[in-house]
Amino acid sequence: MSAEATEPSGAPAELHPAGVPARKRGRPRLELRGLRRFSRAALLGPMPRDGLPDALEHVAKVHRAHHPDADLAVLSKAYVLAESSHRGQMRKSGEPYITHPLAVTLILAELGAETTSLTASLLHDTVEDTEVTLDQVGAEFGEEVRFLVDGVTKLEKVDYGAAAEPETFRKMLLATGNDVRVMTIKLADRLHNMRTLGVMRPEKQARIAKVTRDVLIPLAERLGVQALKTELEDLVFAILHPEEYAATRTLVRQHAERPDPLAAVAERMRAVLHDAGIDAEVLVRPRHFVSVHRVRIGRGELTGADLGRLLVLVTEDADCYAVLGELHTCFTPVVSEFKDFIAAPKFNLYQSLHTAVTSEHGEIAETLIRTHRMHRVAEAGVIALGNPHVPAEGGPYGPSEAPEAPDGERVDPTRPGWLSRLLEWQRVAPDPDTFWTSLRDDLAEDREITVFRADGGFGGGAEAAREAAADASGDRGAIRLPAGASCVDAAYALHGAGAHCCIGARVNGRLATLSTILRDGDSLHLLMAPDSAAGPSPQWLEYARTPAARLAISRWLTAHPGAERGERDAGAETAEAPESGTADEGTDERSPALEARNADPEEAGNADPEDADEAPGARRPRPPVPAVADLPDATVRLAGCCTPVPPDKVTGFAVRGGIVTVHRALCPAVARMAAAGRAPVGVHWRRSAAPDQGCRVTLLAEAFSRPRLLADLTEAIAAQGAAVVSADVEPPHEQRVRHTYTLHLPDAAELPSLMRAMRQVPGVFDVLRAGRSRPAATIRL
């Protein structure tokens with residue numbers, strides 16, 4: 001075990017490539033002399049100096065630097081209780097136990113935590129390891145401190161056995177949902193324990209390091225506490241990957257002995273910004289060991305400039321963009337490295353401009369540009385926000401005056417969206433193993449996307465109620481999801497158990513399968529079935545990425561083991577027994593348009609709905625085709641796959657027998673035949689082919705399965721004066737059904753109004769011309 005992973009001082013100052021001591025990097029470090037002072041104070045007892053115990057002197061100094069008006073009396077009172085209750089207890093390292101809560105408190109004080117957090121951190125182990133009770137803490141320090149101490153108190157193994165650790169984290173997360181300071185205290189607690197982990201057995205070191213890697217480091221990242229996250233990463237790196245850690249440490253040491261190229265670039269930046277009249281501070285910011293290791297993996301051979309980044313700090317947001325303009329003017333920018341996290345902050349509160357510029361000597365200097373306030377938030381995350389239960393206009397209030405949730409719990413106005421999602425799905429994971437596995441999977445997703453919910457809905461019934469509920473709860477608008485989430489995940493994030501009725505989605509206005517992976521900025525409209533008894537398919541488990549969705553789907557499938565088969569049987573019965581009087585006398589069992597869509601392009605061109613609709617032994621008089629081909633004496637037929645009508649743009653292809661089939665220009669068969677090398681034939685509508693002449697057209701209606709749908713559609717078609725030549729109803733699948741109609745219109749100009757009338761039938765969510773729809777395999781869910 002290396003000294004850097006076990007000693008509180010971290011990596012020695014001489015190892016940093018820019019020659020900046022660890023204390024200058026903005027990361028909290030507890031020096032050895034501080035530990036010795038704490039130990040001496042603990043052995044000799046509290047020694048008041050100006051009303052404060054001697055052991056609190058350094059904590060008070062750091063705290064006053066961030067909060068000049070802080071009342072330190074409560075800290076002194078908390079220390080006296082912690083010291084007296086822990087007296088006689090020793091850590092495995094041989095130091096008095098009180099040095100641990102003092103070190104945790106110092107870590108939080110250096111990050112700018114407010115007095116209440118520091119009070120709770122001094123007392124965070126008293127209830128767990130001493131005779132002090134929560135009631136005593138509440139009576140002495142108030143309900144807020146009591147809540148924080150309770151949140152970080154572990155559950156007893158005697159009561160929970162092997163489930164103690166996952167259930168402790170579940171309890172801690174629930175408390176964090178009401179007050180994020182619970183998790184910040186836990187992170188500081190784990191950091192100090194990791195600093196002194198060298199006294200543990202190797203197997204216990206590895207176990208603690210793995211939990212830190214899988215759970216606490218992702219939580220630190222999501223809460224934006226980079227100062228804790230980066231040091232935890234280095235300590236875990238040293239334990240779990242000692243060889244790579246040693247190699248990285250050697251590399252950093254070698255480059256520390258050479259001139260730092262970033263120092264020269266920083267000096268030139270200062271001059272450029274000074275000449276431009278921009279008040280800015282330019283610092284060299286060394287990378288921590290894990291960051292160096294990642295860069296080495298990605299880039300191979302490293303230069304001195306790769307071991308650090310430049311940090312430019314300004315006063316106002318507008319100055320950030322002014323600095324960016326000057327740097328891109330006076331240096332050569334690497335355009336691919338630019339990112340604007342000020343206009344679009346990360347989900348963990350992080351804001352900064354990222355760019356990279358090339359110096360005159362060819363070094364590429366990655367540069368971060370942010371305000372001083374952004375820098376504080378980037379380092380301390382939610383800790384920089386202070387007490388979440390203090391209103392923005394100022395003035396603290398007690399828990400009794402804090403906002404109330406519907407269940408009576410306190411509401412944290414700073415609760416991030418990812419935490420709300422985590423708290424939601426954990427409620428349906430009663431099994432500790434399932435919770436623990438799902439928690440690690442959820443936290444492994446370290447990026448977040450924002451999807452915008454489009455207005456609209458089914459138009460009534462159950463969906464209208466869901467829309468109203470979404471409005472009331474504030475769900476309408478932006479939906480935050482982990483990167484890689486699908487439409488299924490969005491449905492469960494938005495509707496909870498109501499997502500069982502989801503049967504499709506529109507992404508950016510286009511029909512999409514539920515398996516569609518969403519991207520940042522997508523517009524999403526979920527299609528919900530009117531039947532509240534509908535349920536998910538087992539295939540949805542393959543689409544779901546979030547624990548909330550997977551757990552909800554699994555629970556429904558467990559409760560309805562035969563639901564999917566029953567749905568198919570019911571759908572087949574519906575398809576085979578349409579209502580009487582719903583189809584024209586020319587209705588066939590199978591639409592020729594559907595046959596043509598699956599046929600060879602050449603055969604598709606020959607698929608004529610007129611031939612298919614003729615009864616055996618009878619020939620109907622065929623109306624004249626209103627199109628003419630550029631080939632002399634060619635027989636012209638309208639393609640059954642897309643049924644073009646005037647004034648559609650059309651093209652033709654010659655098929656066997658000297659026949660030219662006319663297709664709409666947008667027909668998929670046109671692209672297939674062109675790709676096969678078939679030469680198109682010029683065709684045009686006859687001048688006499690006025691829009692008021694009769695025509696045939698094939699329409700596809702996408703709808704929710706419901707009783708009397710076929711009757712309502714044919715009634716709407718008849719009301720528009722169109723005749724049904726043939727109709728086909730595919731069996732319902734997951735509450736969705738497709739109807740295909742070949743219709744005869746007396747006037748081609750009436751086609752748009754006919755399609756509008758069909759769309760207005762309840763349950764129909766789209767009507768398309770044949771040849772424009774996606775293949776059935778791609779739109780089924």
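Accessible areas are those obtained by the Shrake-Rupley method with a 1.4 Å probe. On this basis, the accessible surface of the chain comes to about 34,600 Å², and carbon and sulfur atoms account for 52% of that surface. The model under description is a predicted one. Its chain holds 781 residues, of which 53% count as buried. The secondary structure consists of 33 helices and 23 strands. Among contacts with a separation of 6 or more, 70% join residues that stand 24 or more positions apart.

The packing of helices is considered next. Two packed helices are described by the angle between their axes and by the distance between the axes. For helix H4 (residues 73-86) and helix H6 (residues 115-122), the axes come within 9 Å and cross at roughly 10°. Angles under 35 degrees count as roughly parallel, and H4 and H6 are therefore roughly parallel to each other. On the H4 side, the residues that meet H6 are Val74, Leu75, Ala78, Tyr79 and Ala82; on the H6 side, the partners are Thr115, Leu118, Thr119 and Leu122. The residues of this contact between H4 and H6 comprise seven nonpolar and two polar, with no charged residue.

Some residues of this region also touch Val145. This valine lies in helix H9 (residues 143-152) and is buried, with a relative accessible area of 4%. Beyond residues up to four places away in sequence, Val145 touches Thr116, Thr119, Ala120, Leu123 and Val137. Thr119, one of the residues touched by Val145, also takes part in the contact of H6 with H4. Val145 and Thr116 are separated by 29 residues in sequence, while their C-alpha atoms are 6.5 Å apart in space.

A further buried residue is found in helix H11 (residues 164-178), to which Thr168 belongs. The relative accessibility of Thr168 is 7%, and this residue therefore counts as buried, the cut-off being under 20%. When neighbours within four places in sequence are set aside, Thr168 is in contact with Lys154 and Leu155.

A second helix pair is formed by H14 (226-240) and H15 (242-256). The axes of H14 and H15 are 5 Å apart, and the packing angle is about 120°. This angle makes H14 oblique to H15. From H14, the contact involves Asp234, Phe237, Ala238, Ile239 and Leu240; from H15, Pro242, Glu244, Tyr245 and Thr248 contribute. Divided by type, the residues of the contact of H14 with H15 are six nonpolar, one polar and two charged.

Both H14 and H15 are included in what covers the buried residues of helix H17. Helix H17 spans residues 289-299, and its residues Phe289, Val290, Ser291, Val292, His293 and Val295 are buried. Ring pairs link Phe289 with Phe237 and Tyr245 into a cluster. Phe237 and Tyr245 of this cluster also belong to the contact between H14 and H15. After H17 comes Gly300, which has a positive phi, near 80°.

Aromatic pairs were also examined. The count of such pairs comes to four. In one of them, the ring centres of Phe341 and Tyr350 lie 6.0 Å apart and the planes stand at 70°, so the pair is edge-to-face. Phe341 counts as buried at 15% relative accessibility, and Tyr350 counts as buried at 11%. The pair of Tyr492 and Trp540 is likewise edge-to-face, with 6.5 Å from centre to centre and 75° between the planes. This pair links distant parts of the chain, with Tyr492 in helix H23 (residues 487-495) and Trp540 in helix H24 (residues 540-543), 48 residues apart. Tyr492 has a relative accessibility of 6% and counts as buried; Trp540, at 1%, also counts as buried.

Helix H32 (residues 751-759) shows how helices and strands can share in covering buried residues. Its buried residues are Leu751, Ser753, Leu754, Met755, Ala757 and Met758. The elements that cover them include helix H31 (709-719) together with strand S20 (695-704), strand S22 (736-745) and strand S23 (764-769).

Technical notes:
Residues numbered from 1 in each chain as written. Predicted model: local features only at pLDDT ≥ 70, side-chain atom pairs only at ≥ 80, totals over all residues. Heavy atoms only, no water. Buried < 20%, exposed > 50% of the residue type's maximum accessible area, 1.4 Å probe, protein only. Helix = DSSP H or I, 4+ residues; strand = E, 2+ residues; numbered from the N terminus. Contact = heavy atoms within 4.5 Å. Axes fitted to C-alpha atoms, helices over the stretch in contact; angles between N-to-C directions. Parallel < 35°, antiparallel > 145°, perpendicular 65-115°, else oblique. Nonpolar A, V, L, I, M, F, W, Y, C, P; charged D, E, K, R; others polar. Phe/Tyr/Trp six-rings, centres within 6.5 Å; stacked < 30°, edge-to-face > 60°.
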